[in-house]
Amino acid sequence: MKLHSALMTFSRREEAEKLLTVMRQKFAANADVMLYVGAWHERAGRAAEANVCFDQALAAEPGHQGARRAVGIGWIEKGDPARARELLSFMEAPGGEIDPPVLFLLATAYQRTGDHRTAMDLFERILAGAPTAAREKAFRKAFQESARALGEAPDALPPMRRNRLVWIGIPAAMAAAAAI
């Protein structure tokens, strides 16, 4: 992976592409390598190739959280939040490490299907692990939408302060999802 990075740094793209092919062939059973190759393809705008690499990473190591995250995001993008949630379940486990932007994508995917109860459960999980999410306009808006749909008080979030910290995870995740 360091060699590939070095080749790209020195604008030796053709050699870097050949190395990626070799890496895919020789290290197909290594989840970390396949995630690296998949991420590179994703940055290069090759979503289909990236998804194949992410699937290979998950097949190589089904418990690998990075692979589960990558494939889970793919299922969100394909409009199947239930399959995504299965893969991302480690983020909902008590004491588990969460990724608020990914859970936000999952929650809004459930909103689009009309399942506001599940979306609200995910919003609450985000708040439990990252209380600063309540300061984000996009999060507040989505939370309030589901609260209204469920007949709950949409003002259940703490009030925003004028000098708020910027929690860039949600806007960045939304921008990444919109770009795909």
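How do α5 and α7 lie relative to each other? Take the tour to find out.

This is a predicted model, where local features need pLDDT of at least 70, side-chain atom pairs count only at pLDDT 80 or more, and totals for chains, interfaces and linings use all residues. Residues are numbered from 1 along each chain as its sequence is written, and side-chain values use heavy atoms, without hydrogens and water.

**Whole protein.** Show everything. You have 10 helices and 0 strands. Helices are DSSP runs of H or I with at least four residues, strands are E runs of at least two, and both are numbered from the N terminus.

**Helix α5.** Select residues 65-77. The helix has 13 residues and spans 18 Å from its first C-alpha to its last. Now pick G79, which follows α5. Its phi is positive, near 85°.

**Buried side.** Color A67, R68, A70, V71, G72, I73, G74, W75 and I76. They are buried, meaning under 20% relative accessible area with a 1.4 Å probe, protein chains only. Their cover includes α3 (31-43), α4 (47-60), α6 (81-87) and α7 (100-113).

**Helix pair.** Add α7. The two helices pack at about 25°, with axes 10 Å apart. Axes are lines fitted to C-alpha atoms over the stretch in contact, and angles run from 0 to 180 degrees between N-to-C directions. Angles under 35 degrees count as roughly parallel, so α5 and α7 are roughly parallel to each other.

**Meeting point.** Select R69, I73 and I76 in α5. They meet V102, L105, L106 and A109 in α7, where contact means heavy atoms within 4.5 Å.

Methods:
Expected span 1.5 Å × (residues − 1). Buried < 20%, exposed > 50% of the residue type's maximum accessible area, 1.4 Å probe, protein only. Parallel < 35°, antiparallel > 145°, perpendicular 65-115°, else oblique.
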